[in-house]
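Here is a short note for a colleague who is opening this structure for the first time. Please keep the view at hand while reading.

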Amino acid sequence: MMATGSEAAKPAEAAVLEWNKQDNKRMLHAVYRVRDLDRTIKCYTECFGMKLLRKRDVPDEKYTNAFLGFGPEDTHFVLELTYNYGVDKYDIGEGFGHFGIANDDVYKLAEDIKSKGGKITREPGPVKGGSTVIAFAQDPDGYRFALIQRATREPLCQVMLRVADLERSIKFYEKALGMKLLFKKDVPEYTHTIAKLGYDDEDKTTALELIYNYGVTAYSKGNAYAQVAIGTNDVYKSAQAVDLATKELGGKILRQPGTLPGINTKITSFVDPDGWKVVCLSVCAVLLTRN
């Protein structure tokens with residue numbers, strides 16, 4: 001008996017998803033907009049201890065970018081700040097949560113931040129019902145940073161986003177990006193459930209933290225936070241996996257895979273079922289464009 005079209009497609013789909021799990025993917029950077037680039041650079045370098053890795057002005061398109069982090073871009077997750085000429089107001093929205101910074105002494109880090117003019121919105125101390133010491137800081141644009149006391153190879157340890165359906169989001173990121181579920185916990189005292197996904201253990205890499213607040217099915221996105229970038233060995237195969245995930249779980253491919261005009265960077269982009277944008281970049285091309 002001849003296989004139907006859908007049955008014949010299953011082995012090919014399985015091969016794409018298996019490749020996706022084996023791909024050398026890595027979270028590269030988060031992109032967001034700020035009102036005063038030099039002020040934010042000063043805050044991140046002096047208060048948080050980050051390094052300014054590079055800065056580029058693009059006058060033809062009227063914006064300036066700065067990349068900051070705790071180590072080189074080829075081995076560390078970094079933050080890409082964008083200043084659009086003349087724009088002095090952004091809305092962070094309700095859906096974006098925070099970035100995470102892991103540090104072996106959060107009490108000292110919080111004091112250092114305050115001593116250098118930074119803002120601490122939650123003083124250091126154990127989490128409710130647990131022993132992990134945390135604090136919260138806020139940058140000049142209102143972006144929140146969770147300060148988490150633990151040893152790590154990657155100090156920029158997480159990006160937190162709120163989602164409407166946690167199980168759907170977990171399945172989406174597993175299927176679309178080959179991420180692994182690292183941690184999941186229901187926290188009824190805070191009326192939410194947390195999941196963390198990534199490509200290695202939490203103490204070794206940056207994790208995507210997703211939070212579902214009981215009964216909340218939609219969030220405003222604002223126009224400040226932009227996207228997360230993921231490095232891949234093959235944007236074309238990655239786009240095939242994303243296509244399978246969006247057909248099953250929602251979301252949409254925004255940019256079909258291809259080469260950006262004028263440079264050798266291969267790229268594809270999409271939004272997840274909650275509208276959070278992700279860009280996949282060719283790892284080799286990313287390294288070349290930095291030189």
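The points below take up the sheet, then one of its strands, then the helices.

1. Start with the status of the coordinates. This is a predicted model. Read every point below with that in mind.

2. Take the sheet next. It is open and has eight strands. Their order is β2-β3-β4-β1-β13-β16-β15-β14. The pairing is mixed. As a general point, strands of a sheet pair through backbone hydrogen bonds, either parallel or antiparallel.

3. Which are the edge strands? They are β2 (51-58) and β14 (252-259), and each pairs on one side only. On average, neighbouring strands of this sheet are turned by 20° against each other, direction ignored.

4. Now look at strand β13, residues 225-232. Is β13 largely enclosed or not, and why? Eight of its eight residues are buried, so β13 is largely enclosed by the rest of the structure. Buried here means under 20% relative accessible area.

5. β13 has a partner in strand β1 (residues 26-33). The two run antiparallel, and six bridges join them. One residue pair to find is V31 with its bridge partner Q227 in β13.

6. β13 also pairs with strand β16 (residues 277-282). This pairing is in the parallel sense, over six bridges. Here A229 has V279 in β16 as its bridge partner. Q227 comes up again, standing opposite K277 in β16.

7. Two helices pack on the sheet. Helix α2 (residues 37-47) touches β1, β2, β3 (63-69) and β4 (78-84). The direction of α2 makes about 0° with that of β3. Helix α5 touches β13, β14, β15 (266-271) and β16. The direction of α5 makes about 170° with that of β14.

8. α5 has a helix partner as well. How do helix α4 (residues 166-177) and helix α5 (residues 235-249) pack? Their angle is about 155°, and their axes lie 8 Å apart. That makes α4 roughly antiparallel to α5, because angles over 145 degrees count as roughly antiparallel. α4 passes α5 in a right-handed crossing.

9. Finally, inspect the contact of these helices. From α4 come R168, K171, F172, K175 and A176. They meet S238, A241, V242, L244, A245, T246, E248 and L249 in α5. The residues of this contact divide into seven nonpolar, two polar and four charged.

Conventions: Residues numbered from 1 in each chain as written. Predicted model: local features only at pLDDT ≥ 70, side-chain atom pairs only at ≥ 80, totals over all residues. Heavy atoms only, no water. Buried < 20%, exposed > 50% of the residue type's maximum accessible area, 1.4 Å probe, protein only. Helix = DSSP H or I, 4+ residues; strand = E, 2+ residues; numbered from the N terminus. Pairing = 2+ DSSP bridges. Axes fitted to C-alpha atoms, helices over the stretch in contact; angles between N-to-C directions. Parallel < 35°, antiparallel > 145°, perpendicular 65-115°, else oblique. Left-handed = near helix turned anticlockwise from the far one by under 90°. Contact = heavy atoms within 4.5 Å. Nonpolar A, V, L, I, M, F, W, Y, C, P; charged D, E, K, R; others polar.
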